[in-house]
Amino acid sequence: MTRLALRNLFQSRARLAISVGGVALALMLILALDAIVGWIEKRVTAYIDASGADIWVSQEGVRNMHMASSSFSASLATGVARVEGVDSVTPIHYLTNVVEAGEERTIAYVIGLPDQARAGLPWIVQSGRANPGRGGAVIDQGIAEAAGIGLGDPVEILGEEFEVVGLSGGTASLTNSIAFISSRDFARLLASPRMASFLLVQLKPGAAAQEVASRIEANVRGVTAQTREEFAGQERKVVRDMSTDLMAIMNLVGFLIGLAVMSLTVYTATLGRRAEYGVLKALGARNRDLYLTVGVQALVSVALGLAVGLIFTLALAELLPRFSSNLGLQIRLQALGKAGAASLLFAGAAALLPIRQIRGLDPAVVFRRR
Amino acid sequence: MGSSALQVVDVTKRFGSGATEVTAVRGVSLTIDPGEVVLIMGPSGSGKTTLLMMLGALLMPTEGTIRLNGQVISDLDESQLPEVRLRQFGFVFQDFNLLSALTALENVALVASLAGRKNGEARQRAEAELTRLGLGERLGFLPEELSGGEKQRVAIARALVNDPAILFADEPTANLDSKIGHEIMRLLRAIAEEQGRSVVIVSHDQRIKDIADRVLWLEDGEFKEMTTMVTDPVCGMSLEKEKAAASLEWEGEEYFFCSRGCRAEFQEEQVG
């Protein structure tokens with residue numbers, strides 16, 4: 001019966017193409033959406049991951065950057081620097097604002113860096129310098145290209161014009177980018193010269209980040225200290241929480257598309273061979289033999305759909321960054337598992353209706369003249 | 001193959017109920033012996049196909065009993081019927097009803113494998129059956145690549161592959177030209193004679209009378225006339241026993257002739 005199922009499936013190539021294409025499209029939607037969120041999650045923590053800081057110190061109770069505000073006296077840096085195991089402390093300013101470059105307006109994490117920053121600098125510098133210094137700004141190269149500007153050109157940040165002195169890489173995502181200015185400019189513009197947003201702590205060799213973070217919280221009042229991994233984890237969680245509903249809706253849409261296409265194609269395929277199933281019943285095939293045929297057809301269609309969907313998604317992940325530096329796909333193993341599970345559900349659900357149809361099929365149908 | 005016979009006792013089939021009730025077959029009784037070829041004829045809508053479906057366990061009678069090898073099959077549960085259809089009956093259809101996606105060999109092997117035979121054995125049996133029916137060179141052909149006669153022979157091979165006791169044929173020559181129709185008729189006759197299987201044929205084709213042992217005329221769901229076919233031992237002509245021009249009893253057997261001339265010739269040659 002497996003042979004019959006496969007032959008039936010591959011005999012109607014147009015139907016197979018529609019079925020596989022539909023499933024591939026639906027699974028690609030599920031996979032690509034997850035991959036986009038995966039990529040955003042990766043990008044959103046890119047600055048944290050590449051900051052060079054072992055510990056992030058923030059205002060007490062603040063555990064991430066995105067959609068959060070952290071502010072405390074810059075003098076706390078002295079107290080943190082005295083904690084055992086701390087090698088250096090870099091105070092940075094941070095605010096979400098708009099960067100205007102030419103005609104382009106993009107939302108950006110604006111980072112204020114001290115002149116002697118040992119951490120928190122742009123980690124990929126495509127051209128120019130990493131530390132902006134007074135009056136200078138380092139912006140993402142992709143943003144600069146989109147705006148048609150380069151080194152030496154003006155850019156407006158926090159309502160003031162800066163000169164582009166450096167172009168960074170890997171600092172833009174679908175929704176925003178990171179722009180770097182000097183701490184002094186930042187403090188002046190916000191009229192808060194003695195404040196800092198975060199302290200980026202580097203450790204002495206051999207010091208354990210978790211232990212030092214605990215010591216910082218114990219010795220310095222009014223701060224929260226987290227290891228880089230913890231801080232990045234919290235950041236990812238915020239993005240994930242924000243995208244959960246969207247993901248759920250889009251996954252549902254993808255699932256429903258896949259289910260509808262699969263159900264329709266398996267149903268019409270069964271309907272088209274109704275007479276043949278009747279013949280098989282008349283010849284002595286049991287219902288379970290026929291269910292197997294439908295099941296194999298659904299399963300093979302879905303497996304092919306999954307493979308094609310995965311190939312398309314991988315191709316998209318490869319091609320997308322070539323067209324836009326602000327968008328990429330990060331395919332995650334758990335998404336593959338989810339797509340696989342969705343595929344099995346497609347196959348099972350798509351086979352249900354035809355199985356019902358077969359169960360009720362009268363073998364005497366073979367005697368009705370066509 | 002066993003020495004099965006089908007016994008049909010007072011079988012009735014009604015469809016619908018109340019004002020819309022239709023009786024397709026009423027009170028039909030019939031016994032089919034091993035190796036016998038029975039032809040059921042009758043006008044359209046007379047209940048031939050309904051009767052054939054009941055004989056083949058594809059349709060349950062409303063009343064009456066159908067026995068196969070003494071076992072009542074008309075009372076069997078739907079889940080038990082596939083086994084009977086698979087191992088005891090073979091079906092040949094007017095439209096051949098071959099599976100279009102499978103080759104001739106696969107069409108036959110599939111039915112063998114449904115009966116529990118392993119893939120290799122099923123294919124061997126299918127190949128042997130098809131070769132025996134002269135299709136050894138067409139094993140790998142799809143139905144669309146075969147002629148009408150070849151398709152019907154594949155269908156017959158498929159019907160025979162599980163060694164059934166009874167072969168049911170529904171208008172087996174209707175979609176074939178005269179020459180091929182004759183071939184198929186001779187094949188069905190040979191299956192009955194050489195393999196001892198019963199063959200029940202439903203047809204409008206008068207030519208099939210030539211190969212039938214018995215012809216039953218069904219009208220309004222009832223047998224109106226039962227005809228036994230005999231062969232004139234002199235000229236070989238097939239004729240209805242009741243309408244024979246002459247008969248003769250010799251050495252305990254009764255012989256029937258199409259004309260007095262044939263009887264005279266028989267008497268002269270055999271009796272002396």
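Student: Is B:Glu251 buried or exposed, and how would I decide?

Tutor: Count the C-beta atoms around the residue; 12 or fewer within 10 Å makes a residue exposed. B:Glu251 has 7 C-beta neighbours inside 10 Å, so it counts as exposed. Do keep in mind that this is a predicted model.

Student: Where in the fold is B:Glu251 found?

Tutor: It sits in the loop between strand E12 (246–250) and strand E13 (253–257) of chain B. Look at the backbone there too: B:Glu251 has a positive phi of about 50°, although it is not a glycine.

Student: Which loop holds B:Asp220, and what is its phi?

Tutor: B:Asp220 belongs to the loop between strand E9 (214–219) and E10 of chain B. Its phi is positive as well, about 50°, and B:Asp220 is not a glycine either. The surroundings can be read by the count once more: B:Asp220 has 14 C-beta neighbours inside 10 Å and therefore counts as partly exposed.

Student: How confident is the model around there?

Tutor: A general caution comes in here: where pLDDT is low, the predicted coordinates should not be read in detail. Chain B averages a pLDDT of 89, with 97% of the residues scoring at least 70. Within chain B, confidence is lowest in strand E10 (residues 222–231), with a mean of 78, and highest in H3(B), at 95. For the model as a whole, ipTM is 0.78 and pTM is 0.67.

Student: How many residues does each chain bring to the contact?

Tutor: Chain B supplies 19 residues and chain A supplies 18 residues. On the side of chain B that touches chain A, the elements giving two or more residues are helix H1 (48–55), H2 and H3 of chain B. H3(B) provides the largest share of that side, 4 residues. By type, the side of chain B that touches chain A has 13 nonpolar, 2 polar and 4 charged residues.

Student: Let's turn to chain A. Why is helix H9 of chain A described as largely enclosed?

Tutor: Ask how much of the helix is buried. In H9(A), residues 274–283, 8 of the 10 residues are buried, so the helix is largely enclosed by the rest of the structure. Among the buried ones are A:Tyr277, A:Val279, A:Leu280 and A:Leu283.

Student: What covers the buried residues of H9(A)?

Tutor: Both chains take part: the cover includes helix H10 (287–323) and helix H11 (333–359) of chain A, along with helix H2 (81–87), strand E6 (89–92) and helix H3 (104–114) of chain B. Just after H9(A), A:Gly284 takes a positive phi of about 115°.

Student: What does chain A look like overall?

Tutor: Chain A has 11 helices and 12 strands. Of its 370 residues, 46% count as buried. Residues 24 or more positions apart make up 81% of the chain A contacts with a separation of 6 or more.

Student: And how should I read the nonpolar cores?

Tutor: As a general idea, nonpolar side chains in soluble globular proteins tend to be buried together. Here the largest nonpolar core has 128 residues, and A:Leu27, B:Ile40, B:Val108, B:Leu188 and B:Val200 touch the most other members. Helix H2 (residues 13–44) of chain A gives the largest share of this core, 17 residues. Apart from it lies another core, of 57 residues, including A:Val57, A:Val138, A:Ala147 and A:Phe162.

Student: Which residues is B:Leu188 in contact with, leaving aside its neighbours within four places in sequence?

Tutor: Those contacts are B:Val37, B:Ala169, B:Pro172, B:Val199, B:Ile201 and B:Ile211.

Methods: Residues are numbered from 1 along each chain as its sequence is written. Chains are lettered from A and ligands numbered from 1 in the order in which they are written. This is a predicted model: local features need pLDDT of at least 70, side-chain atom pairs count only at pLDDT 80 or more; totals for chains, interfaces and linings use all residues. A residue is buried if 20 or more other C-beta atoms lie within 10 Å of its own, exposed if 12 or fewer, and partly exposed in between; C-beta atoms are placed from the backbone. Two residues are in contact if their C-beta atoms, placed from the backbone, lie within 7 Å. pLDDT is the predictor's confidence in each residue, from 0 to 100. Ala, Val, Leu, Ile, Met, Phe, Trp, Tyr, Cys and Pro count as nonpolar, Asp, Glu, Lys and Arg as charged, and the others, Gly among them, as polar. A nonpolar core is a set of buried Ala, Val, Leu, Ile, Met, Phe, Trp, Tyr and Cys residues joined through C-beta atoms within 7 Å.
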